[in-house]
Amino acid sequence: MISNSGSDERGQYSGGKAGDQTGKEWQIRSWYDRPWNYVLRYPSSTVRECIAELAEEAANNDKIGYDQGQRTTFWQQLREVGYHPKDIKVACEADCSSGVAAIVKATGYLLGIPSLQNVSVDMYTGSERNMLKKAGFQVLTDPKYLTSDKYLLRGDILLYEGHHTAINLTDGSATKDGGWHWVHVGNDWYYQDNDGVNTYGWKVINHHWYSFDNRGKMRTGVYHEGDDIYYLMESGDLEGACCKTDDRGVLYPWYV
């Protein structure tokens, strides 16, 4: 299920009455193939849960409607009531991207995270990916995240760049087994559990040692740890795998 702000009571994008006249201007609905270009995922499950809770509250409060011409009035009212959409009593409006921005900002204030507080309520779908990435969100592009809800986590943000955005509310079926999985973000690799929490330090994965920095990013190349020096594969199927030497000094991937 997703929290979706899509059009006003007439099926238009501006000019309607303030508030949700039909109960569907901002609503909870089933996931659908928009198509999506990106999934934006904040690493902390606490942050994602707060985003999802606020998105649910917004969809369930009929004082909050859709209008691109009054898109920042939702944020104004959200700030006035202490950042919980359920407490808004004055009719106001958002569109898809200003609604997401307001909820991310509100999460930042509720949880004390400056980078989220600094997200601009003037964000639009063309600037959303870069703005949320700067705020600490991971940008997921693997087709498995974009073509179904199977691998989505509650609190993920869906983006069809330049067109539409929405907030995912339910964990996908493939995320409920507690397993760990690789996540590719830009040029970097992370190893996460199904709550989106990164692993850190050294970890054996599929019979090979890998090392992750304090942000969870997989290390490659020459790595110094105290007086010890390691070499971690820089490319190929075993990128990141720690190497050792044979009795002739030849490097090869260390199979545990």
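Which residue follows H2 with a positive phi? Gly 82 does, with phi near 90°. The views below are taken from a predicted model.

**View 1. The end of helix H2 and the residue after it, Gly 82.** Helix H2 covers residues 73-80. Gly 82 follows H2. The phi of Gly 82 is positive, near 90°.

**View 2. The buried residues of helix H2 and their cover.** Thr 73, Phe 74, Trp 75, Gln 77 and Leu 78 are the buried residues of H2. Their cover includes two helices, H1 (45-60) and H3. Strands E2, E4 (64-66) and E5 (92-94) are also among the covering elements.

**View 3. The largest pocket, with a volume of about 250 Å³.** The lining holds 17 residues. Nearest the centre lie Gly 6, Tyr 13, Arg 34, Tyr 66 and His 164. Strand E2 (26-29) supplies at least two lining residues, and so does helix H3 (96-111). By class, the lining has 4 nonpolar, 8 polar and 5 charged residues. E2 and H3 also appear in View 2, as part of the cover over the buried residues of H2.

**View 4. The second largest pocket, with about 200 Å³ of space.** Its lining includes Pro 43, Phe 137, Val 185 and Tyr 190. Lys 133, Asp 188 and Arg 215 line this pocket too. Gly 136, Gln 138, Gly 186 and Asn 198 are also in the lining. The class count is 4 nonpolar, 4 polar and 3 charged.

How values were computed. Residues are numbered from 1 along each chain as its sequence is written. This is a predicted model: local features need pLDDT of at least 70, side-chain atom pairs count only at pLDDT 80 or more; totals for chains, interfaces and linings use all residues. Side-chain values use heavy atoms; hydrogens and water are left out. On a 1 Å grid over the protein atoms alone, a cavity is a set of points where a 1.4 Å probe fits but cannot get out, and a pocket is an open set with protein on both sides within 12 Å along at least five of seven lines; lining residues have an atom within 4 Å of a point. Grid points are joined across faces, edges and corners, and a volume is the space filled by probe spheres set on the points. Helices (H or I, at least four residues) and strands (E, at least two) are DSSP runs, numbered from the N terminus. Ala, Val, Leu, Ile, Met, Phe, Trp, Tyr, Cys and Pro count as nonpolar, Asp, Glu, Lys and Arg as charged, and the others, Gly among them, as polar. Buried means under 20% relative accessible area, exposed over 50%, partly exposed in between (1.4 Å probe, protein chains only). Contact means heavy atoms within 4.5 Å.
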